[in-house]
There are 2 protein chains.
Amino acid sequence: MPKPGPVPAASSSPRDQDRLVAGLVNALQDRISTGDIKIGSWIRQERIAQEYGVSRTPVREALRQLDALGVVEIVANRGARVKLPSIRDITEAFEVRGVLEGHAACLAARNITQAQLDVLRETDGIFREAVRHARSGGEDSRAESRALWYRANDAFHATIVTACGNRQLQLTLETLHHRMPRNLTWSALDGDPRLLEENAEEHVRIADAIDRRDGERARELIMAHTQRAQELILLRFQEP
Amino acid sequence: MPKPGPVPAASSSPRDQDRLVAGLVNALQDRISTGDIKIGSWIRQERIAQEYGVSRTPVREALRQLDALGVVEIVANRGARVKLPSIRDITEAFEVRGVLEGHAACLAARNITQAQLDVLRETDGIFREAVRHARSGGEDSRAESRALWYRANDAFHATIVTACGNRQLQLTLETLHHRMPRNLTWSALDGDPRLLEENAEEHVRIADAIDRRDGERARELIMAHTQRAQELILLRFQEP
DNA sequence: TGCGCTCGATTTGTATCCAATCTGGATTGA
DNA sequence: TCAATCCAGATTGGATACAAATCGAGCGCA
């Protein structure tokens with residue numbers, strides 16, 4: 001669990017306290033994206049400080065950093081609150097993501113290595129496994145399905161963005177990512193194995209296009225892919 | 001100029017110390033982009049604190065924020081240094097910028113208002129004025145030319161990005177911008193009125209395409225525009 | 001009842017203090 | 001002469017102290 005505990009493992013690595021603030025940033029970002037710290041809730045400096053056994057100073061610096069990243073919002077004399085993205089924010093962010101990931105896929109079609117292609121192919125097996133678990137209905141299967149899908153999805157997109165070779169593009173996409181609650185897409189897929197299967201097939205087609213070195217096709221497919229995800233999320237927002 | 005002095009105007013605005021850190025972030029960012037604080041130089045907390053009449057605490061938080069924005073790099077126990085982007089960073093950032101501004105222009109062709117179009121048209125006069133000053137050679141004219149071009153260029157790109165209507169896109173482009181030294185493009189244009197004139201004409205053609213509501217053409221043109229800027233900058237880096 | 005006010009508890013914002021770390025130059029030893 | 005070492009000053013990192021602001025409960029008053 002992303003529970004408190006001393007920030008890093010407080011040992012091993014050459015310098016440890018160097019990354020105190022960085023560790024806090026990661027820890028908080030994790031707890032936010034997993035929902036452990038809820039969207040819209042206030043983050044009390046003293047509380048975080050005690051949980052991690054540090055003073056408020058590094059906590060404040062971590063919060064400033066999260067503010068700059070757009071993950072939280074600092075209100076003067078009130079504190080930091082986890083940002084609640086509006087429908088508009090989500091729609092717009094997905095559009096930008098589509099454009100950027102599309103371009104990344106286009107570049108990846110030129111620059112990808114065989115090893116990276118293999119990773120892309122391997123994710124397909126994991127996606128199928130996730131679909132299988134989703135079909136078998138139980139509560140445990142559902143959690144399992146979720147974990148598998150996360151793993152495959154993260155690996156898939158990370159691989160493409162890395163393979164494109166443009167680190168600035170990678171950076172930009174990462175910050176865009178962090179601004180959105182992480183489980184958005186999953187929440188739209190969860191509960192309907194058909195959607196999950198459709199999603200898996202979209203991934204295969206994208207990998208195919210990259211494999212064929214057809215950059216423009218890969219771009220189109222990935223843009224349609226994010227467009228689709230965006231539509232599903234909006235649907236889920238309107239009628240649950 | 002962007003010299004020290006109490007951070008904001010220390011008056012008027014309802015709350016002032018609220019934005020102490022925010023004010024520092026802006027002030028420092030300004031001083032960095034104008035070159036007042038040099039690229040690659042260290043930023044001493046104590047020095048900044050004294051210049052603005054505050055303690056090191058808010059300065060440190062401002063630096064954390066600049067670190068998160070990618071403007072500055074914090075090295076453990078050494079301090080903050082203004083990031084020196086590598087050639088690769090610049091090339092990659094311009095590529096991303098091209099993709100994003102291209103998309104912004106495409107959207108702007110659909111959503112732009114008449115008032116915004118007027119602003120776009122007005123910039124042309126300013127660009128021409130800048131060219132005129134550049135031709136007349138003197139040292140003062142050169143500074144004047146620079147100031148005019150900055151004004152026109154900022155207004156032009158800001159208008160398009162605003163007109164596109166996607167705030168996440170705007171945000172993303174802004175952070176990308178802040179990571180690069182602001183005078184990069186100008187330094188490539190400076191000293192050659194022909195390049196400056198060519199640059200002005202590129203802007204006109206982009207405005208034309210948006211005016212005709214030809215989004216795809218606007219995208220192509222703006223991508224070519226940033227591509228051209230990037231090439232000029234690389235040239236300037238290699239043989240001065 | 002309902003509205004506005006005051007006051008105490010909580011929380012944030014800034015300054016200050018001390019320890020840990022780094023830099024650069026002087027010193028020492030081969 | 002040169003390299004390794006060590007020390008002093010400078011600088012950062014984190015904790016603590018204190019001031020300013022906010023929130024909310026309880027009170028008074030119409």
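**Close-up views of the protein chains and DNA strands**

**View 1. Ile43(A) has Ala80(A) as its bridge partner in β3(A).** This is a predicted model, in which local features need pLDDT of at least 70 and side-chain atom pairs count only at pLDDT 80 or more, while totals for chains, interfaces and linings use all residues. Residues are numbered from 1 along each chain as its sequence is written, chains are lettered from A and ligands numbered from 1 in the order in which they are written, and side-chain values use heavy atoms, with hydrogens and water left out. Strand β3 of chain A covers residues 79-82 and is joined to β1(A) by 2 bridges, the two running antiparallel. Strands (E, at least two residues) and helices (H or I, at least four residues) are DSSP runs, numbered from the N terminus. In chain A, 3 strands make up an open, antiparallel sheet with the order β1-β3-β2; two strands pair if DSSP finds at least two bridges between them. Because β1 (42-43) and β2 (72-75) of chain A are edge strands with a single partner strand each, one side of each has no neighbour in the sheet.

**View 2. Chain A meets chain B through 30 residues of each chain.** Contact here means heavy atoms within 4.5 Å. The two chains bury about 3,000 Å² between them, and 50% of this is on carbon and sulfur atoms. Buried area is the accessible area (1.4 Å probe) that two parts lose on being put together, summed over both. Of the area that chain A buries against chain B, 20% is supplied by Glu61(A), Arg64(A) and Gln168(A), more than by any other three residues.

**View 3. A salt bridge joins the side chains of Arg167(A) and Asp89(B), at 3.8 Å from N to O.** The rule finds 6 salt bridges across the interface of chain A and chain B, each being a side-chain nitrogen of Lys or Arg within 4 Å of a carboxyl oxygen of Asp or Glu. Helices α3, α4 (87-111) and α7 (167-178) of chain A each give at least two residues to the side that touches chain B. The largest share of that side, 10 residues, belongs to α4(A).

**View 4. DNA strand D is surrounded by 17 residues, of which Ser55(A), Thr57(A), Arg78(A), Arg44(B) and Arg56(B) come nearest.** A residue is near a strand if one of its heavy atoms lies within 4 Å of it. An N or O atom in the side chain of Thr57(A) is 2.8 Å from a base nitrogen of DNA strand D; a polar contact is a pair of N or O atoms within 3.5 Å, and within protein one must be able to donate a hydrogen and the other to accept it, with residues adjacent in sequence counting only if both atoms are side-chain atoms. A phosphate oxygen of this strand is 3.4 Å from a backbone N or O atom of Asn77(B). Among the atoms of DNA strand D within 4 Å of the protein, 72% belong to sugar or phosphate and the rest to bases.

**View 5. Around DNA strand C stand 19 residues, the closest being Arg44(A), Arg56(A), Ser55(B), Thr57(B) and Arg78(B).** A phosphate oxygen of DNA strand C lies 2.9 Å from a polar side-chain atom of Arg44(A), and a backbone N or O atom of Ser55(B) lies 2.4 Å from a phosphate oxygen of the strand. The side chain of Asn77(B) has an N or O atom 3.3 Å from a sugar or linking oxygen of DNA strand C.
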